[in-house]
Amino acid sequence: MESAEEFAKKTFDYIVVGGGLVGLALATLLARDTAVSVGVIEAGSKKDDETITIPGMVARRLGDPEYDWALKTTPQKNADNREMAIHRGKMLGGSGGLHFMIFTRGSRVEYDGWEKLGVKGWGWNAMRSAIDASEVWTPPTQSAAAHHADAVAESHGKDGYIKTFAFPEHSDLVHPYVSTLNELGIPTNKSDSSGNNIGVWSATGSIDPITKERSWSPNAYYEKVSHQTNITVLTGARAHRVLLSDGEGVDVRAIGVKYSVGGQKYTVNVSREVVLSAGALQTPQLLELSGIGNPKLLRELGIPVHVDLPGVGENFQEHYSLTVHGELKSADHISPEALFNPEFAKAELDKYHKTKTGMFSTLFGTFCFASARQFIPEATFTRLLASLDEALQAPEIQSSPYKPWYDLQREFLVRDEIGQIEIAFSPAWMHEGCKKEKSRHFTMALFIQRPWSRGYVHAKSANIEDPPEIEPNTLTSPADIDTIILVEAIKFAMKIASTGKFGDLVEEFLVPSPTSTDEQLVEYVKKTVRCALHPAGSAAMLPRGAQGVLDDELKVYGTSNLRVADASMFPTALGTHPQATLYGLAHRAADFITGR
Ligand SMILES: Cc1cc2nc3c(=O)[nH]c(=O)nc-3n(C[C@H](O)[C@H](O)[C@H](O)COP(=O)(O)OP(=O)(O)OC[C@H]3O[C@@H](n4cnc5c(N)ncnc54)[C@H](O)[C@@H]3O)c2cc1C
């Protein structure tokens, strides 16, 4: 690390803005060639305390301004007018330091779907190789494999960077829970990373199998090159905009980056390329502040227009989630809630330090990805499809630049290989405002995977210090399909809790009330739905005429040497947790940039 002044004196071959999950991995990959110089500008600082590294301590820094940008959406008119929290990591490694470590891939058909939207070379085969290149997988323990963790070596990378290992500890509720899902027609999936994540399985995490610590960009990538003199990471530095050369009628060129440290402003020059990796909420803001975006919006903010690109900030997609809760007949099972007892927590922490086992060495993650027909009754599904098809005839959809996306969404709704809903099972009571010492409860978190609601992220002013306007347009989908999917998912969760071996263990379903009418469930959805913290798509890789911002090689249209490499590039949300895809993205970006 060096001073802002020294950094500003250099001319780097490559500058990466945002040393987050993708940015820091990408900078490392570029710096493997010691003949080139790489500069990274990261607003946060280095964080490697136990609240970040220990799996069982996840979520402790959510909302802490030292670690979290703690952004908020605008009030969501279809969600009880609530502003929703949208946490983002503010540290070297980005949101990779706040996340819950679930490392899983999307389904083959979804990556192939990106290609159907008009981007070439991003199908499953290409993404699979890229994710393989990022991963060093260790087979699960016998116990984890017996609890349905992926044990298939062919589905994983072996010689990459991020260490992955199935979460080692599991609740004794997993077996009856999985048995019930099987009874309800959801198969056990032996390898969720194989290109098919449908079914029920226990998660692999980005966790070091030996140290049982978080494996992420700072320790898995950057540590490998941090001793080299050709990479310089400036932390605590806020990028304000990319400096562009003007060229009438030709592509503009990035020539440097303006940034500030402690209120002092600097510029740094670049000779080859600038890559924006500030994440799906801040990259569109930086593009706009640099004069790339919708000219009308830029003029309103008093920003000179360099590239007329109206797709910047549009196409914003987010998974939404809510939780449902029930009570078990017996308290006789392992629950992370036990950690609310200070004496037990201290003993567990000692155990973790000495043996790297116990509650702090793990997260409890058993997941179910279900296609629409797996959890929505046939008659309801038929009605839903009919009203959706009618809504899709609306002129604004038929003439929309996103028409191919609507067609893809419709195709994916009826296909059985696509997860429309994710159910994350936890042997704990995670309901707001309730007693935390209770330990005879369970929670199912329900995540919509292919949201039809689409919003935007835009700069609110020409000042980078003003957070962007984040408008996900929650629950504003054609035929109200997002709301209906969540309502049906709640009913399915209630069915799980009253069926088979798991149902036998359940005392009662508590929240929402199992006697709720459909109208009451809609109210529950509106009152409790929240961002699932997987924002994506706001500087999408799509054809320029379809509101695209990036070409197939992640280059910003209308520029000759400015790329985006972060979750903004998703052409459409994927039905999975994003980190595996994003590490794969870092490898693809490095290959494009170096011409490999
Ligand atoms: C609480 C939580 C739980 C999650 N759980 C999971 C999970 O279990 N599995 C999974 O796959 N995904 C999970 N995710 C999502 C995952 O972490 C993100 O999708 C991923 O980190 C996005 O990577 P990124 O590189 O696009 O952005 P980020 O990792 O957010 O990186 C962006 C970086 O840019 C920096 N930056 C922003 N603006 C500027 C500026 N102007 N100047 C300089 N630097 C700037 C930021 O400080 C940050 O370091 C979770 C996310 C959160 C918040």
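Biologist: In this predicted model, where is Gln-547 found?
Modeller: Gln-547 catches the eye because most residues other than glycine have a negative phi. Gln-547 is not a glycine, yet its phi is positive, about 65 degrees. As for its place in the chain, look in the loop between β22 and β23.

Biologist: Is Gln-547 buried, exposed or partly exposed?
Modeller: Let's count neighbours. A residue needs 20 or more other C-beta atoms within 10 Å to be buried, and 12 or fewer to be exposed. Gln-547 has 18 within that distance, so the label is partly exposed.

Biologist: What about His-148, with its positive phi: is it buried or exposed?
Modeller: His-148 lies in the loop between α6 (142-146) and β6 (162-166). Its phi is near 75 degrees, a positive value in a residue other than glycine. There are 25 C-beta neighbours inside 10 Å, and the cut-off is 20 or more, so His-148 counts as buried.

Biologist: Which residues does a cis peptide bond join?
Modeller: Here's another oddity, because most peptide bonds are trans. The cis bond has an omega of about -10 degrees. One partner, Pro-512, sits in the loop between β21 (506-511) and α18 (518-528). The joined pair is Val-511 and Pro-512.

Biologist: Which residues does the UniProt annotation "active site" cover, and what is the largest C-alpha distance?
Modeller: The annotation comes from an unreviewed entry and covers His-534 and His-577. They are spread over 44 residues of sequence but cluster in space, with a largest C-alpha distance of 7.4 Å.

Biologist: Where is His-534, and what is it in contact with?
Modeller: His-534 lies in the loop between β22 (530-531) and β23 (562-564). It counts as buried because it has 24 C-beta neighbours inside 10 Å. Leaving aside neighbours within four places in sequence, its contacts are Glu-318, His-319 and Pro-578.

Biologist: And which residues does His-577 touch?
Modeller: His-577 has its place in the loop between β23 and α19. With 27 C-beta neighbours inside 10 Å, His-577 counts as buried too. Not counting residues up to four places away in sequence, it touches Ile-102 and Thr-104.

Biologist: Where does UniProt place the feature "binding site"?
Modeller: This feature is again from an unreviewed entry, and it names two positions. One lies in the loop between β23 and α19, and is in contact with His-534, Ala-536 and Ala-567 once neighbours within four places in sequence are left aside. The other lies in helix α19. They are Pro-578 and Gln-579.

Biologist: What does Gln-579 touch?
Modeller: Gln-579 is buried, because 26 other C-beta atoms lie within 10 Å. Skip residues up to four places away in sequence, and the list of what Gln-579 touches is Leu-21, Gly-96, His-99, Phe-103 and Ser-206.

Biologist: At roughly what angle do the axes of α2 and α19 cross?
Modeller: α2 passes α19 in a right-handed crossing. Among the residues making the contact are Leu-21 and Leu-29 of α2, and Gln-579 and Ile-593 of α19. By class, that contact has 13 nonpolar, two polar and no charged residues. The axes come within 9 Å, and the angle is roughly 35 degrees.

Biologist: Now the ligand: how many residues surround it, and which are the closest?
Modeller: The shell has 41 residues. Sorted by class, they divide into 19 nonpolar, 17 polar and five charged. The closest are Gly-18, Gly-20, Gly-94, His-577 and Gln-579.

Biologist: Which element supplies the largest share of that shell?
Modeller: Four elements each supply at least two residues: α2 (21-31), β10 (238-245), α9 (279-289) and α19 (579-594). The largest share is four residues, and it comes from α9.

Biologist: How many residues of α9 are buried?
Modeller: α9 is mostly covered. The buried residues include Gly-279, Pro-284 and Glu-288. After the helix comes Gly-291, with a positive phi near 95 degrees. The count for α9 is 11 of its 11 residues.

Biologist: Which residues does the UniProt annotation "domain: Glucose-methanol-choline oxidoreductase N-terminal" cover?
Modeller: The unreviewed entry gives two spans. One is 21% helix and 0% strand, with end C-alpha atoms 30 Å apart. The other is 73% helix and 13% strand, with ends 17 Å apart. In that order, they are residues 89-112 and 279-293.

Technical notes. Residues numbered from 1 in each chain as written. Predicted model: local features only at pLDDT ≥ 70, side-chain atom pairs only at ≥ 80, totals over all residues. Near = placed C-beta within 6 Å. Nonpolar A, V, L, I, M, F, W, Y, C, P; charged D, E, K, R; others polar. UniProt positions renumbered as here; feature names shortened; annotations may be inferred. Contact = placed C-beta atoms within 7 Å. Axes fitted to C-alpha atoms, helices over the stretch in contact; angles between N-to-C directions. Left-handed = near helix turned anticlockwise from the far one by under 90°.
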